[in-house]
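The exercises below ask you to work through charged pairs, the nonpolar interior and the surface of one protein chain. Please try each task on the structure before you read its solution.

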Amino acid sequence: METNTDESLVIEPTQSIRQSAMETNSDESLVNEPTQSIRQSAMETNSDESLVNEPTQSIRQSALETNSDEPTQSIRQSAVFDLKKPDAKMLQRKNDILPFEDATPLENFSRKHLASLFFFASHNKKRPNNLIIGRTYQHQVLDMIELGVEKFQSLKEFKNEKVAVGLKPCLLFAGELFDHNHEYKRLQNLLVDMFHREPATSVRLQGLEHVIMVTAVESNIYFRSYKMLLKKSGTRTPRIELEEIGPSIDFKLRRSKLASMDLFKLASKKPKELKAKKVKNISRDKLGSKHGQIHIPKQNIGTIQTRKMKGLRKSATEKKEARKRKAGTTTEATKRPKLSEESV
């Protein structure tokens, strides 16, 4: 009986819960009104394009800009690396390096890999899409120029035939800034050092296939790469057409750290060990073979001892004949009359 009486303690709470549930279902103002307000806000959100569609459009637009105009660090590095093959090495490990604040890590890399020229790509909020071109002298940073990448198209985006790897390019520079501005002059010199490859004394027209064009207009620098096509012109000289093969990069000059003129002249001086010494009577042909000319004075064959072997020695009869000849020549010289001074 005590158990039955105690059931009221258990049943009553369940009944109250059911009643509250029934009240909740019956009273639509507690449940339906919030859902209606949520649906109304959802309808308003769908109807008002300024809340939904404009943010998605801006996100898509920024994504397209990231893919085309704001390349990643690895894409920029690979684009420059493709132009320098096979005379380059790409270091893909991420390093926390600030070259303009502390260039010691770059100098260590230069000493380790025996490289005097370097590209350094970075990306941060303050300086996005950054590319630094530099060179060292005695493993100390000589010149550094920081360029900002405004627009970028890689080699793969140009669906055409490319040039061979390691081909020496023809470098062209256009713009008055390369003639009048000190920073642009040094940038031109730096790019020539970067891409000139081996020195050439003569140029063959059929071997000239790759052209790199750098144009400076106001504050923009346009870097373009072309393949030279030789077309028939009806004359001996062919008609030349240029086909863009990439990469195509638009730069902006940001910062620079240039060496003084005295240090630059010292670094540009050619060491004595590399200067070709002129050696007398030695020349080289077109294939690089070495040729030497030897001058031998006139030799008295009669006095040269040539017979050292026993079999080549003179016999006794040959010696007697030689003595007789020698004696005959001396007697003839004594028999000749001497001319007196009067007869002369």
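**Exercise 1. Count the salt bridges, then examine the pair formed by D193 and R135.**

Solution. In this predicted model, the count of salt bridges comes to 12. One of them is formed by D193 with R135, whose closest N and O atoms are 2.6 Å apart, inside the 4 Å limit that a salt bridge requires. Next, place the two partners: because D193 belongs to helix α7 and R135 to strand β2, the pair ties together parts that are 58 residues apart in sequence. Finally, assess the exposure of each partner, for which the cut-off for buried is under 20% relative accessible area. D193, at 32% relative accessibility, is partly exposed, whereas R135, at 5%, is buried.

**Exercise 2. Determine which elements are linked by the salt bridge between D143 and R186, and whether each partner is buried or exposed.**

Solution. Begin with the distance, which is 3.2 Å between the closest N and O atoms of D143 and R186. The pair links distant parts of the chain, with D143 in strand β3 and R186 in helix α7, 43 residues apart. For the exposure, D143 has 0% relative accessibility and therefore counts as buried, and R186, with a relative accessible area of 4%, is buried as well.

**Exercise 3. Analyse the salt bridge of D250 with R224 in the same way, and then find residues that salt bridges join into a network.**

Solution. The closest N and O atoms of D250 and R224 are 2.9 Å apart. D250 lies in strand β8 and R224 in strand β6, so that distant parts of the chain, 26 residues apart, are linked by this pair. Both D250 and R224 are buried. As for the network, E101, R127, E146 and R255 are joined into one by salt bridges that share partners.

**Exercise 4. Describe the largest nonpolar core, and identify the element that gives the largest share of it.**

Solution. This core holds 24 residues, of which F195, V214, I221, F223 and F251 touch the most other members. The elements that contribute two or more residues to the core are α4 (73-84), β2 (130-137), β3 (140-153), α7 (182-195), β5 (210-217), β6 (220-231) and β8 (248-257). Among these, α7 supplies the largest share, 6 residues. To see the surroundings of one member, take F223: leaving aside residues up to four places away in sequence, F223 touches L83, F195, I212, M213, V214, P247, S248, I249 and F251. A second, separate core has 9 residues, including A103, L106, F120 and I132.

**Exercise 5. Characterise the chain as a whole, and then locate a nonpolar patch on the surface.**

Solution. The protein chain has 9 helices and 10 strands, and buried residues make up 20% of its 344 residues. Considering the contacts between residues at least 6 apart in sequence, one finds that 61% join residues at least 24 apart. The chain exposes about 26,800 Å², of which carbon and sulfur atoms supply 53%. On this surface, L205, L230, I240 and L242 form a nonpolar patch, with about 320 Å² of accessible area together. Of the patch members, L205 is found in the loop between α7 and β5, and because its relative accessibility is 33%, L205 counts as partly exposed.

Technical notes:
Residues are numbered from 1 along each chain as its sequence is written. This is a predicted model: local features need pLDDT of at least 70, side-chain atom pairs count only at pLDDT 80 or more; totals for chains, interfaces and linings use all residues. Side-chain values use heavy atoms; hydrogens and water are left out. A nonpolar core is a set of buried Ala, Val, Leu, Ile, Met, Phe, Trp, Tyr and Cys residues joined through side-chain atoms within 4.5 Å. Buried means under 20% relative accessible area, exposed over 50%, partly exposed in between (1.4 Å probe, protein chains only). Helices (H or I, at least four residues) and strands (E, at least two) are DSSP runs, numbered from the N terminus. Contact means heavy atoms within 4.5 Å. Accessible areas come from the Shrake-Rupley method with a 1.4 Å probe; for residues, only the protein chains shown count as cover. A salt bridge is a side-chain nitrogen of Lys or Arg within 4 Å of a carboxyl oxygen of Asp or Glu. Patches are made of residues with over 30% relative accessible area and no salt bridge: like charges are joined within 9 Å, nonpolar side chains (Val, Leu, Ile, Met, Phe, Trp, Tyr) within 5 Å.
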